[in-house]
Every structure is written in C-alpha cells, then in structure tokens.
Amino acid sequence: MPADIAVNPGDTAWVLVCTGLVLFMTPGLAVFYGGMVRSRNVLAMLQQNMIALGVVSLTWVLVGYTIAFGDDAGSGLFGNLELLGLTDLKVPPAPHLHVVDGRITIPALAFVAYQMMFAVITPALVTGATAGRLKFGGWVLFLAIWSIVVYAPIAHWLWHPGGWLAKFGTQDWAGGMVVHASAGAAVVAVLLVVGRRRHWPHAAAPPNSIPLTILGAGILWFGWFGFNGGDGLQANQVAAQAVINTHLAAAAGMLVWLLVERVKDGHSTVVGGVSGAVAGLATVTPTAGYVNALSAIAIGAIAGLVCHFALRLKYLLRLDDALDVLAVHFVGGMLGSLLLGLFGDNGINPLGRDGLFLGGGGSLLWYQLVGVVSVVVFSFVLTWLIAAGIQAVVGLRVPDKDQDRLDQAQQGTDAYHLGGVTSLAAPGGPQRRTGRAGSGGAAASPVSAGQKVKLVSALLDPSRVADSGLLREELLAAGAISLTVSDTTAATEGTAQQVLPRGYWQEQPLLARLRLDVLVPEEAEQAVVDLLSHYEPRLVWASSVAPVVVR
C-alpha cells in the first residue's frame, strides 16, 4: 500500500457495521415472507431465502465481483476478469464509485463484503412472488446463474464509474434499480415460467403467522439503515442524511398505507402497516443519499399510496404474485428511481444533481427513465431465458400435488406441530407429584355390560374453549363415559370468515374446529347435548351405537 494512503478506521468500521446490517436483512426477509405463506410451506420459504447466503456469497467472490467492479472492459457493460476469485484486489481507495469521491480509503475487502450482501438479498426477493411453486434444486441453480449473468452487469452499469449508465448520468444511491427494479423484472419473468398456484385467485391464502411477519418487517427496517446508510462508504453527514431519510420514508409509507386501508376497507391492519413501511423503504432507497428530509417524507407518502393501489396490478396482469413483490418492490424501486429526478438536491450531496422541483430541469428525470427502462428490459429478458432453460433441463416448478405441502415434500418435516387440541390451556398450576400420572381428577362414569350408549359429536370453535380441564370436568359431570378430541376443519352455515391480507378481502370457507366425540349412557344423552350446545348450538348431533360389552 502506498505510504500516502492510510485506511480510515472510522469509515471502515461504519462500512463493516453496515455489512452486518445488510446481511441481517436476508434472514429478516425469510421471516417476513415465512409468516405470510401457508403453514405447510414455512420451512421451504425460509430455506429458499437462507440458501442465497451460501450460493450467492460464493458466486460473488469467484466471478460476480470482478464483473461488477473490475476495471471496465471497454464497453461500459461489465468489468474485466482480472479480479477473478479476488486474486488481484487493488489498494484503497479503488474502486472510485460515482457516489463517492477520492477521499474514500477503506480496505477493498470491506467493500467486497458490503456489496456481497446486496448481491445476496436481491434474488431472494423473488421468492415472495413464487411462494409454493419452486423446486429447491432448480432454485439453487437459478440463484447461481442469475447473480452472475443479471445482477453483476447491472451493478457495473450503475455503481462502477465506467458503467454506461453511470457515465450517462443515471443515479441509484442504494439499489432502486440495481436491487428492486432488477428483482421485480425477474419476478415477472419467473412467474411467466412457473405459472400460477392451483385455484388462484379463488383460493384464499391468509398468513400463517402475522407475528412472524411483523418480526421480519422489524428486522428489515433495522437492516435498511445499513442498506442505505453505508453506500457513501463514509461515516459522515451524507450517511446520517441517508439514515434519517430511510426512517422517515418508512414512517410516512406506513401511515399513508394505514389511512388508505381505513378509508377503503374500514380497518387499519398491522400487516398493512408494515407493508407500507417496506414500500417506503424500497422507494426511498435510490434517493436516500441525494434528497433532504422533507423530500424523503414526501417520497414515503407517495410510496404508501401508489404501492397500495399497485396491489391490484397482479390481477390485471394475471400474474400470481403470492406476496405482492411487484407492488412493493418492483413498483417501489421504479417509482423511487423516477422521483429522484424530481426531488434530487445537490445541496445534500455534491455528487448528486438537482431535480425538477429544485430547479435542475428535466435532465435528471430523463437519465433516470432511461436507467429504469434499460434495467427492467435487460433483467426481464435474461431472467426469462434462465428460468425457461432451468425449467426445461432440471425443473423449476414443483408438481401441483406438492404445492400445499412443500415442507414435507422437500424437507420431510413441518414447521409447526401444535393444533387446536394441544393449544388448549391446561388446568391448574405447578403441583407436587404424589402418585401415578393421570390418577387425579374426576373418574369416568361406570358402564355395565349390555348398557345402551349414544355417541354425541360436536364441532366447537377453539376460541370458545378456554380450558381443556374445565371442558373435561363438565362432560364427566354430565355423564360422559369417554371423550375424544381432534383437530378438523369444517364449512359453516353462516358467512365464511374473511381475512384482509394487504388490502384485499379473502374468504376462508373452511374454518378450524375442534371435533368432540363423547360416549354417553342413553339417559345422559340430553345433558351432554345441552352442555355442548352451550359452546356451539348448531353443530351438535347424536347417533346410536351398539350396546357395550364388558369382557
């Protein structure tokens, strides 16, 4: 290293911290998506996201980095291969990015690691759209090819000073085009190859765990401070501006989305709130280091409004985008890239340009439009070719019979093993063991040989059964001989339950129920029926069984 170049420890520390924050976003994305899919597809969704950390990390080091940030090969389309396998890294401050200046002095490996995390999470965004349809082996192959053939060249176009879009004048602070627009275009292409889920759009698919989704959203929000805050590669005023802009846009996006939900549907949902926040985060990403705080609020608010109404896009295009990646990430990334042409502020970052609203004219907006169109077309065409090729050779879409049970089909296990029965509250508190387990409590009613008995069955709403011990005691007191409880689903006579995932009502015609089968003496039949009718008056019935024989 030349004597006149010294690594800046503060900048280096900041970039390394941001690297960890962006890495954390990938498991955050896995949890965010995992909470919104069906319960039998949770592990598959988690694995599809987490495997990107393994696959793309290696492709990035081996060949992706040199395509993206190696010296330009002369065309502005991709870098040369002299950094293949990181064998010939240059000393800082190389590479000079268009978003920083010559004062940047961080280790090249810090920059490699930071950019690696962007390469990892970008294709992982696709999994939200294709939920329930990806073969694991085909997806791994797709990750490896796409990260090299599609992502790395686009990163070179915009984030390397020799990239043709960078020289043209297009700006992308942290990935509105490189990450969100490229992934969104890839979503469209992959959906055309893997097709729709069975019965879409008529089958409801409510989230299996909203708390899991909220946890994932919180991780994404937290990690986004590194996603947007570290792109200047310095711990300075621009980094602070990018961080505050990131948070303000998320806040504005959340509030506007909730307001629209309230006006349209009468409810402001927590899933809608975090969806608005993520939309604000995605939309402010290309602008975070180039605009002021008030502009960031406006960008977030516009994102909450536009991305919410973009939820309808998948129905208009007949694309089965399971978790609305198109509305939130694709529309958000393109929208933010174009809004930079309106809100750009050279006073925030001297490397930026003034947009239309700050007297800069329409030139920056034109540069942004050219960038968006170029990235979208390139990503869509190459992604379709990659996905179609994989589908033809090894398969990318799972068989229809496995779509609703990917965890069992691909991993041989389930994420959850608790049903309505095992979730019931148990009676009493901690007790000292004084005898054989199960010897306490009321005994079952005696039965004699030849006694006539009836089988009383009922379907109960689990929410009405607060205590399993109390139910058991009441049934035994009413004369029950024995009882069996199991989980089931049933169609009800009344209006089907409705859920509101991300702004559109979905009917849920089959509802979770507890099935009780109670064996009772003939004379106790009415007492047991009356007791169960107290829990669920319309779903209790009785039938005769053969006389009991005692051996």
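pLDDT is the predictor's confidence in each residue, from 0 to 100. You'll want that score on screen from the start, as what you have open is a predicted model.

**Stop 1: colour by confidence**

Colour the whole chain by pLDDT. The mean comes out at 87, and 84% of the residues reach 70 or more. Now select residues 429–443. Here pLDDT stays under 50, and the model has 6 contacts beyond four places in sequence for this stretch. Where pLDDT is low, the predicted coordinates should not be read in detail. Let's move on to other parts.

**Stop 2: the overall layout**

Switch to cartoon view. The protein has 16 helices and 6 strands. Buried residues account for 53% of its 551 residues. As for how the chain folds back on itself, take the contacts with a separation of 6 or more: 79% of them are between residues 24 or more positions apart.

**Stop 3: helix α1**

Select residues 9–34, which form helix α1. How far apart should its ends be? With 26 residues at 1.5 Å a residue, α1 should span 38 Å, and its end C-alpha atoms are indeed 38 Å apart. Then show N8, the cap at the N-terminal end of α1: one of its side-chain oxygens sits 3.0 Å from the backbone nitrogen of G10.

**Stop 4: the largest nonpolar core**

Show Y33, W60, Y151, L158 and F227 as sticks. The largest nonpolar core has 116 residues, and these five touch the most other members. Helix α6 (residues 176–194) gives the most to this core, with 13 residues. In soluble globular proteins, nonpolar side chains tend to be buried together.

Zoom in on W60. Skipping neighbours within four places in sequence, its contacts include Y65, F69, V112, M116 and Y151. A separate core of 18 residues lies apart from the largest one; to find it, select L475, A480, L514 and V520, which are among its members.

**Stop 5: T130, tucked into a loop**

Go to the loop between α3 (108–124) and α4 (136–159), where you'll find T130. Is T130 buried or exposed? It is buried, because its relative accessible area is 1%, below the 20% cut-off. Beyond its neighbours within four places, T130 is in contact with V190, L191 and V194. Add R397 to the selection too: T130 and R397 are 267 residues apart in sequence, yet their C-alpha atoms are 9.2 Å apart in space.

**Stop 6: helix α10 and its surroundings**

Select residues 293–309. This is α10, with 17 residues, and from its first C-alpha to its last it reaches 25 Å, close to the 24 Å expected at 1.5 Å a residue. N292 caps its N-terminal end, with a side-chain oxygen 3.3 Å from the backbone nitrogen of L294.

Which residues of α10 are buried? They are S295, A296, I299, G300, A303, G304, C307 and H308. An α-helix has 3.6 residues a turn, so residues three or four places apart point the same way. Bring in α8 (237–265), α9 (270–284) and α12 (325–343), and you'll see what the buried residues of α10 pack against.

**Stop 7: N349**

Next, pick N349 in the loop between α12 and α13 (363–393). N349 counts as buried, since its relative accessibility is 4%. A polar atom of its side chain lies 3.2 Å from the backbone oxygen of G289. Leaving out residues up to four places away, N349 touches W173, V238, G289 and Y290.

**Stop 8: salt bridges**

Side chains of opposite charge can pair when their charged atoms come close. There are 12 salt bridges in this structure. Try these:

- D320 and R197: the closest N and O atoms are 2.7 Å apart. D320 is in the loop between α11 (313–317) and α12, R197 is in the loop between α6 and α7 (210–229), and 123 residues separate them. Both D320 and R197 are buried.
- K454 and E525: the closest N and O atoms are 2.9 Å apart. K454 lies in strand β1 (residues 453–460) and E525 in helix α16 (residues 525–535), so this pair ties together parts 71 residues apart in sequence. Both K454 and E525 are buried.
- E473 and R472: this bridge is 3.3 Å, N to O. E473 is partly exposed at 33% relative accessibility, and R472 is partly exposed at 35%.

For a last selection, show R38, R198 and D404, which are joined into one network by salt bridges that share partners.

How values were computed:
Residues numbered from 1 in each chain as written. Predicted model: local features only at pLDDT ≥ 70, side-chain atom pairs only at ≥ 80, totals over all residues. Heavy atoms only, no water. Helix = DSSP H or I, 4+ residues; strand = E, 2+ residues; numbered from the N terminus. Expected span 1.5 Å × (residues − 1). Buried < 20%, exposed > 50% of the residue type's maximum accessible area, 1.4 Å probe, protein only. Contact = heavy atoms within 4.5 Å. Polar contact = N/O pair within 3.5 Å; in protein donor to acceptor, adjacent residues only side chain to side chain. Core = buried A, V, L, I, M, F, W, Y, C linked by side-chain atoms within 4.5 Å. Salt bridge = Lys/Arg side-chain N within 4 Å of Asp/Glu carboxyl O.
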